[in-house]
Amino acid sequence: MTVDSPQPAVQRLPGPSTNLASPDGSSVPPAPRSGGAKVRILETATRLFYEEGIRGVGVDRLISEASVTKATFYKHYGSKDNLILAYIRSQDERVQRAFEQLVSDADSPTDAVRAWVAAVSDEVGRSEFRGCAFLNAAAEYHDPRDPVRQVVAAHRDWYTEQLASLLQRAGHPLAGDGADELMLARDGAMAGAYAGDAIAATAALGRVAERVLTV
């Protein structure tokens with residue numbers, strides 16, 4: 001769905017495509033595109049951070065693969081920490097745009113929820129899928145006070161609020177509770193699809209969504 005390590009405890013992390021799953025996906029970063037040095041650095045970071053984990057990718061590797069000089073890197077981002085935040089924030093913005101488009105294209109709030117389920121299902125079935133970029137980032141940064149975790153938390157709050165808004169408009173009597181269930185089912189589908197059976201994981205997500213919609 002629109003949308004977040006190499007370490008065993010982390011879903012292998014992974015950006016803007018028009019598909020909700022990818023962009024939103026809250027999960028799979030978009031394909032690279034041409035651009036200036038600042039854009040190339042962020043796109044390179046997006047790919048490497050998602051594929052290999054944030055902590056596992058050093059500045060020298062980023063500089064080399066982005067084909068920029070060290071001076072250019074520090075001119076645009078100042079530090080790896082700033083680049084990490086730019087990466088997480090860019091994913092948040094991408095997911096928000098994709099989700100808003102999905103809702104805009106749907107004929108009703110109920111259709112929007114079902115389209116969201118379909119987008120998540122498409123996303124987790126992709127060969128480049130490495131889990132949710134936001135959950136992956138959270139797994140690498142254990143301190144909830146860390147700026148990375150704060151961006152992740154704000155993203156998840158926004159995400160849950162959007163689902164609650166759809167359910168409320170669909171007439172759900174406990175929209176907040178329903179949104180929590182959808183988010184939990186989505187998280188489970190992301191993890192389950194990456195670590196195990198994507199078909200079973202997304203089928204379970206679909207069943208949860210239907211139960212929530214028929215309350």
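Let's start with F99 and Y159: both residues are buried. Bear in mind that this is a predicted model. F99 and Y159 form an aromatic pair with an edge-to-face arrangement, 6.0 Å from centre to centre and 70° between the planes. Now, where do these two sit? F99 belongs to helix α5, residues 80-105, and Y159 to helix α8, residues 147-169, so their pairing ties together parts of the chain that are 60 residues apart in sequence. They have company, too: ring pairs join F99, W116, W158 and Y159 into a cluster.

Okay, stepping back for a second. How many aromatic pairs does the structure hold? There are 8. Another of them is F73 with Y77, where the ring centres are 6.4 Å apart and the planes meet at 45°, so that pair counts as tilted. F73 and Y77 are buried as well.

Y77 brings me to charges over rings. The charged end of K38 sits over the Y77 ring, 5.9 Å from the ring centre. You'll find R55 over the face of Y141, and there the distance to the ring centre is 4.2 Å.

Last stop, friends: D197. This residue is in the loop between α9 (175-195) and α10 (198-213). Is D197 buried or exposed? It is partly exposed, because its relative accessible area is 45%, and the partly exposed class runs between 20% and 50%. The D197 side chain reaches the backbone nitrogen of I199 at 2.9 Å. And if you want to find G125 from there, D197 and G125 are 9.6 Å apart in space, C-alpha to C-alpha, with their positions 72 residues apart in sequence.

Methods: Residues are numbered from 1 along each chain as its sequence is written. This is a predicted model: local features need pLDDT of at least 70, side-chain atom pairs count only at pLDDT 80 or more; totals for chains, interfaces and linings use all residues. Side-chain values use heavy atoms; hydrogens and water are left out. Rings of Phe, Tyr and Trp (its six-membered ring) pair if their centres lie within 6.5 Å; planes under 30 degrees apart count as stacked, over 60 as edge-to-face and the rest as tilted. Buried means under 20% relative accessible area, exposed over 50%, partly exposed in between (1.4 Å probe, protein chains only). Helices (H or I, at least four residues) and strands (E, at least two) are DSSP runs, numbered from the N terminus. A charge sits over a ring if NZ of Lys or CZ of Arg is within 6 Å of the ring centre and within 35 degrees of the ring normal. A polar contact is a pair of N or O atoms within 3.5 Å; within protein, one must be able to donate a hydrogen and the other to accept it, and residues adjacent in sequence count only if both atoms are side-chain atoms.
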